[in-house]
Amino acid sequence: MSPWTEVGDRVFTRRYVFYDQNIGAILGDDGVLIVDTRVSHRQADEILADLKSLTTLPIRAVVNTHGHNDHAFGNHRFRPAPIWGHERCARMVTETGTDQLARVAEAIPAMADELAEVVLDPPDRTFGDEGATVDFDAGGRQILLSYLGRGHTDNDVVVIVPDADVMFGGDLVENGATPYFGDGYPMEWPATAERLVELVTGALVPGHGDVGDRAFAVRSMVEIRTVADLASLVLDGTIGMEDAVLRTAYPADTAREPLERALAQLRGELD
Ligand SMILES: [Zn+2]
């Protein structure tokens with residue numbers, strides 16, 4: 001059985017157990033566009049091996065949805081393909097890449113050797129908040145890269161395949177797990193998620209977890225908005241932090257970081 005699932009016309013996802021992550025492969029007439037590249041060269045090589053069961057077409061383009069290790073640190077194995085990403089994604093890989101690798105190695109010591117092999121290779125086809133269109137295919141298939149505002153990071157882009165009615169939402173949406181807020185902007189994320197909801201008409205592939213739809217996007221947006229609302233109530237003294245931790249949509253043992261990050265943003269500490 002193919003490890004790939006077709007979520008729209010010639011738009012495939014492969015779900016990896018590690019970090020329960022979704023990788024995208026969008027096929028054109030003469031090439032493939034890959035969405036996100038995983039944590040290491042070895043993990044990237046796994047994508048390349050799995051791709052052989054899907055197509056013999058060459059990789060014409062790669063997109064990083066944002067600059068976190070699991071989305072961009074396999075990049076080097078996809079060269080010489082051009083790698084697209086927001087200009088702040090490239091900056092994030094360049095400026096925080098070494099620290100990110102150290103953090104993963106600390107969390108998963110068994111991966112230390114594998115992580116030491118990683119050559120940080122930030123996107124070279126960068127664009128700003130206006131987004132970009134990737135014409136990666138002679139057959140005319142166009143892919144839209146849209147920046148919707150700060151959220152999970154300051155450089156998240158969604159990948160839209162209009163003719164297949166599919167969106168890759170990156171880590172702006174996660175299914176079945178608390179989104180990572182550690183580099184996020186929790187007070188702006190709800191509005192960003194609202195813009196995402198408006199753009200979803202078909203399948204929505206989250207960075208991690210089950211593929212969803214517009215209803216999933218709405219649920220995610222409401223959950224993120226709850227964090228922002230609760231943090232505002234904590235700030236003005238209406239409720240305490242311990243109550244807020246119990247009132248998010250997330251398991252209590254994962255709710256503190258989102259709330260603390262939101263409070264930090266409310267206090268003006270993030271800009
Ligand atoms: Zn991320």
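In the predicted model, F181, W189 and Y250 are joined into a cluster by ring pairs. The structure contains 3 aromatic pairs. In one of these, formed by F181 and W189, the ring centres lie 4.6 Å apart and the planes meet at 45°, so the pair is classed as tilted, an angle between the limits of 30 degrees for stacked and 60 degrees for edge-to-face arrangements. Both partners are withdrawn from the surface: F181 has a relative accessible area of 0% and is therefore buried, and W189, likewise at 0%, is buried as well.

A further aromatic residue, Y16, is accompanied by arginine side chains. R38 is placed over the face of Y16, at 3.8 Å from the ring centre. R14 also lies over the face of Y16, with a distance of 4.3 Å from the ring centre.

The model also includes a zinc ion, for which the donor atoms are NE2 of H66, ND1 of H68, NE2 of H152 and OD of D171, at distances of 2.1 to 2.3 Å. The angles among the 4 donor atoms range from 88 to 170°, and the site is irregular. The upper value exceeds the 135 degrees allowed for a tetrahedral arrangement of four donors. Along the chain, the donors follow the spacing H-x1-H-x83-H-x18-D. H66 belongs to the loop between β5 (59-63) and α2 (69-72), whereas H152 belongs to the loop between β9 (142-147) and β10 (157-161); the pair therefore ties together parts that are 86 residues apart in sequence. With a relative accessibility of 0%, H66 counts as buried. H152 is also buried, its relative accessible area being 0%.

Open space in the model was examined as well. The largest pocket encloses about 430 Å³ of space. Its lining comprises 18 residues, of which Y19, N69, D70, V104 and Y180 are the closest to the pocket centre. The elements contributing two or more residues to this lining are α2, α3 (87-107) and β11 (166-174). Helix α3 provides the largest share of the lining, with 4 residues. The helix α2 named here also bounds the loop that carries the zinc ligand H66.

Key: Residues numbered from 1 in each chain as written. Predicted model: local features only at pLDDT ≥ 70, side-chain atom pairs only at ≥ 80, totals over all residues. Heavy atoms only, no water. Donors = N, O, S within 2.8 Å, 3.2 Å for Na, K, Ca; no water. Tetrahedral: all angles 85-135°; square planar, octahedral: opposite > 155°, others 65-115°. Buried < 20%, exposed > 50% of the residue type's maximum accessible area, 1.4 Å probe, protein only. Phe/Tyr/Trp six-rings, centres within 6.5 Å; stacked < 30°, edge-to-face > 60°. Lys NZ or Arg CZ within 6 Å of the ring centre and 35° of its normal. 1 Å grid on protein atoms, 1.4 Å probe; cavity = no way out; pocket = protein on both sides within 12 Å on 5 of 7 lines; lining within 4 Å. Points joined across faces, edges and corners; volume = space filled by probe spheres on them.
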